[in-house]
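Thanks for coming. I will take one structure today and walk through it from a loop to the metal site and back to the backbone.

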Amino acid sequence: MAEVVGGVGTSHVPAIGAAVDRGLTDSEPWRQVFTGYEPVRTWIAEQRPDVAIVVYNDHGAAFSLDLLPTFAIGVAEVYPPADEGYGVRDIPAIHGDPDLSWHLVESLAADDFDLTVCQRLPVDHGLTVPLSVLFGAPSEWPVRVVPIALNVIQYPLPTPKRCLALGRAIRRAIESYEPDVRVAVVGTGGMSHQLQGTRVGHINSEFDRMFLDRIGPEPHVLAELTTTDFIREAGSEGAELIMWLVMRGALADEVKTLHTHYHVPVSNTAAGVIVLQDA
Ligand code: DHB
Ligand code: FE
């Protein structure tokens with residue numbers, strides 16, 4: 001049967017991907033950021049997952065305000081990196097796992113989560129930057145990828161509580177999948193940031209550190225926060241942290257927090273990373 005090897009939450013700031021693409025990870029000021037990713041890379045290499053389910057948000061590359069699903073899943077053989085206006089990143093092809101995707105679609109629908117099914121899904125920095133965080137710049141990604149996209153763009157957003165519940169349903173789906181695949185679950189986005197409006201540049205390290213401390217042992221407390229709480233505390237784009245709650249839901253009730261790292265700022269964002277594993 002399939003098994004969950006653990007979960008990673010990570011920011012997906014485009015500049016992190018650009019630093020990898022330009023070979024800047026070992027030079028200032030990037031070294032401090034990438035030093036924090038080293039234990040994550042070591043851990044994921046040891047876990048040898050076959051598949052990563054990457055829970056991310058699209059930023060207008062695949063969807064738009066005209067057509068924006070709350071929850072969507074890719075079922076394709078391959079996902080092209082999107083051109084977000086500065087050219088397509090020169091990264092390896094992102095291969096999917098259609099069998100696992102369709103199993104998730106069926107299991108989640110039976111579990112009251114009806115996801116929009118995407119046969120064609122260009123993936124933006126919300127998915128590609130975390131792959132670079134986890135694996136650097138390999139000639140081929142060492143995992144197949146199942147993308148699950150949440151709406152964090154157009155209000156109303158899915159509630160934090162529903163995101164945690166979606167993660168738990170993903171866990172049940174993985175545990176009912178017969179092939180012996182090792183699955184890592186990744187939640188991307190955050191930490192606190194706001195890229196527009198009068199609070200542009202908003203960062204709240206106290207909230208971020210509280211979130212890093214509590215997501216392992218007390219995710220239900222974070223899931224009680226409202227969307228408005230997330231926006232007020234973490235900023236309108238900091239609400240991307242709801243994707244970390246999906247990842248957390250896919251783990252056991254009791255987890256170990258194996259690693260955290262926090263750096264302010266990367267571009268306009270408080271960049272954080274966490275590695276969690278079933279206790
Ligand atoms: C930045 C952060 C994001 O999460 C994003 O989606 C785009 C840009 C930034 O800080 O530059
Ligand atoms: Fe984002």
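I start at Ser 267, which sits in the loop between β9 and β10. This is a predicted model, so please keep that in mind throughout. Ser 267 is not a glycine, yet its phi is positive, near 55°. Ser 267 is also one of the residues around ligand 1, and I will come back to that ligand.

First, the strands on either side of that loop. β9 covers residues 255-266, and β10 covers 269-278. The two run antiparallel and are joined by nine bridges. As one example of the register, Thr 260 has Ile 274 in β10 as its bridge partner. Helix α7, residues 205-214, lies across β9 and β10, and its direction is at about 165° to that of β9. A further helix, α10, residues 242-249, packs on the sheet. It touches β1, β2, β7, β8, β9 and β10, and makes an angle of about 160° with β8.

Now the sheet as a whole. It is open, has eight strands with mixed pairing, and reads β6-β3-β7-β2-β8-β1-β10-β9. Which strands stand at the edges? They are β6, residues 116-118, and β9; each has a single partner strand, so one side of each is left without a neighbour in the sheet. On average, neighbouring strands are turned by 20° against each other, direction ignored.

Next, the metal. The iron ion, ligand 2, is coordinated by His 12 and His 59, each through NE2, and by Glu 240 through OE, at 2.0 to 2.2 Å. Along the sequence, the spacing of these donors is H-x46-H-x180-E. Where do the two histidines lie? His 12 is in the loop between β1 (3-10) and α1 (14-21), while His 59 is in the loop between β2 (51-56) and β3 (71-74), so the pair ties together parts that are 47 residues apart in sequence. Are they buried or exposed? His 12 is buried, at 4% relative accessible area, whereas His 59 is partly exposed, at 29%.

That brings me back to ligand 1. Among the residues around it are His 12, His 59 and Glu 240, which I have just named as iron donors. Others in the surroundings include His 125, His 193 and Leu 195, as well as Val 266, Asn 268 and Thr 269. For the polar contacts, a polar side-chain atom of His 12 is 3.1 Å from an oxygen atom of ligand 1. For an N or O atom in the side chain of His 59, the distance to a ligand 1 oxygen is 2.7 Å. The corresponding value for His 125 is 2.6 Å.

Last, some backbone details to look at in the model. Gly 190 and Met 191 are joined by a cis peptide bond, with omega about -5°. Met 191 belongs to the loop between β8 and α7. Another cis peptide bond joins Val 264 and Pro 265, with omega about -15°, and Pro 265 is found in strand β9. Besides Ser 267, Arg 48 has a positive phi, about 45°, although it is not a glycine. Arg 48 lies in the loop between α3 (38-47) and β2, and counts as exposed at 56% relative accessibility.

That is what I have; I will take questions now.

How values were computed: Residues numbered from 1 in each chain as written. Chains lettered and ligands numbered in written order. Predicted model: local features only at pLDDT ≥ 70, side-chain atom pairs only at ≥ 80, totals over all residues. Heavy atoms only, no water. Donors = N, O, S within 2.8 Å, 3.2 Å for Na, K, Ca; no water. Helix = DSSP H or I, 4+ residues; strand = E, 2+ residues; numbered from the N terminus. Buried < 20%, exposed > 50% of the residue type's maximum accessible area, 1.4 Å probe, protein only. Pairing = 2+ DSSP bridges. Axes fitted to C-alpha atoms, helices over the stretch in contact; angles between N-to-C directions. Contact = heavy atoms within 4.5 Å. Near = heavy atom within 4 Å. Polar contact = N/O pair within 3.5 Å; in protein donor to acceptor, adjacent residues only side chain to side chain.
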